Amino acid sequence: MNESIGTIQTAALAQIAAAACERALEDARVAVLGKKGTLTLAGAAIKDVPPAEKAAFGQSLNAARTAITAALTEKQLALREAADRAALAGIDSTLPARALPVGSLHPLTLIRDQAIGILRRMGFALADGPEIEDEFHCFDALNTPADHPARNEKDTFYFESGKLLRTHTSSVQIRTMETQPPPVRIIAPGSAYRRDEIDATHLSAFNQLEGLAVGPDISLPDLKGTLEYFLRELFGTKTEVRFRPHFFPFTEPSFEIDVKLTVKGQAPRWIEVAGCGMVDPAVFDAVNRSRKDNAYDPDKVTGFAFGMGLDRLAMIRWGIKDIRLLIENDTRFLRQFA
Ligand code: DAH
């Protein structure tokens, strides 16, 4: 009997060694250890073994099972490792990983945040107002008469209700003064809308940054110093800035501010970036009437205001030739700001 167990073991180990895949190995296991496997059947014959030999028979049976099980486990590991190696063959695991695409901030967001950062350091607080405005806050309180071209239906988006998409962020000046007494020092970035023909320098929805400072002793040098400092912080200390007399209904005197743009290979030229001026007393009068008090007494407070085009600032900062690039979301353009 022991001899036949030895034969079974030898045959099983040979079949295990010869198995070329996990399926063949499983066949080998079933053939020897399965319900009808050779060793299982040999073990069942223990009942016919004479009592004196039973112990020895049992021992050789167990020894055979242990050896065969160990061989099966070892072979299975070897087959799996070989399969892994085959799957990885041809793959160069030392190659650098493929970079995942990473997004970046839009240039308008970048310039807006930089502008806000500079002005906040100078003591300006953020203010806000609605984009759907009424004529009072957008025009009347800003001393803009009914026949002013900005109020023309051809230039402005009106709703049937008589409300309109604000044509500038200057309406936030009025909203702020209505709700807080002087002194005020606020900035209001936001969208503005005009029925302009869209071209390389015009969009019908664009972005402005409004500013207002009102207090007992605010003068034109404060306005000039603030805006010159701001533009040099934004564009560099050597930036040339000029104030050109202009007209706005809500400031007197009023100016447009130009920045000298020097692009490689082009003659330097002046680019308009903002409107500004000293708040017209008529604006304070309108605010007082709306507040029903005299908090903004034109004999006691003065102020300056400014409004700049954020799209324009971005175009100057990065030499962008066409404003439409700012809204087309072409990733080839946007990637450059990453
Ligand atoms: N609101 C003007 C515009 O959209 C810009 C402007 C000019 C704003 C003078 C001001 C200002 O606050 O004082 O063209």
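Here are some questions and answers about this predicted model, starting with its ligand.

Reader: Where does the ligand sit?
Author: A molecule counts as sitting in a pocket if more than half of its atoms lie within 2 Å of the pocket's grid points. The ligand here is placed in the largest pocket.

Reader: Which elements give two or more residues to the shell around the ligand?
Author: The shell holds 15 residues, and H168, Q173, R194, Q208 and E210 come nearest. As for elements giving two or more residues, they are β5 (205-215), β8 (269-279) and β9 (302-309).

Reader: How do the residues of that shell divide into nonpolar, polar and charged?
Author: Gly goes with the polar residues in this count, while Cys and Tyr go with the nonpolar ones. On that basis the shell splits into 5 nonpolar, 8 polar and 2 charged.

Reader: Which residue has a side-chain N or O atom 3.0 Å from a nitrogen atom of the ligand?
Author: Let's set the backbone partners aside: a polar backbone atom of A305 is 3.2 Å from a ligand oxygen, and one of F306 is 3.3 Å from a ligand oxygen. The side chain at 3.0 Å from a ligand nitrogen belongs to S170.

Reader: And how much of the ligand's exposed area does the protein bury?
Author: Start with the ligand taken alone, which exposes 350 Å². Of that area, the protein buries 90%.

Reader: Moving on to R151, is this residue buried or exposed?
Author: R151 is found in the loop between α6 (135-138) and β3 (164-165). The cut-off for buried is under 20% relative accessible area. R151 has 10%, so this arginine is buried.

Reader: Which backbone oxygen does the side chain of R151 reach?
Author: One partner of R151 is a side chain: a polar contact of 3.2 Å joins R151 and E135. The backbone oxygen, reached at 2.8 Å, is that of T144.

Reader: What about C21, and why does it count as partly exposed?
Author: C21 has its place in the loop between α1 (2-18) and α2 (22-33). Partly exposed covers the range between the buried cut-off of 20% and the exposed cut-off of 50%. C21 falls in that range because its relative accessible area is 37%.

Reader: What separates the C-alpha atoms of C21 and A83?
Author: Along the chain, C21 and A83 are 62 residues apart. In space, their C-alpha atoms are separated by 8.9 Å.

Reader: Which residue follows α10, with a positive phi?
Author: Helix α10 covers residues 310-318, and its buried residues are L310, D311, L313, A314, M315 and I316. After the helix comes a residue with phi near 60 degrees, and that is G319.

Conventions: Residues numbered from 1 in each chain as written. Predicted model: local features only at pLDDT ≥ 70, side-chain atom pairs only at ≥ 80, totals over all residues. Heavy atoms only, no water. Near = heavy atom within 4 Å. Polar contact = N/O pair within 3.5 Å; in protein donor to acceptor, adjacent residues only side chain to side chain. Areas by Shrake-Rupley, 256 points an atom, 1.4 Å probe, with all protein chains shown as cover. 1 Å grid on protein atoms, 1.4 Å probe; cavity = no way out; pocket = protein on both sides within 12 Å on 5 of 7 lines; lining within 4 Å. Helix = DSSP H or I, 4+ residues; strand = E, 2+ residues; numbered from the N terminus. Buried < 20%, exposed > 50% of the residue type's maximum accessible area, 1.4 Å probe, protein only.
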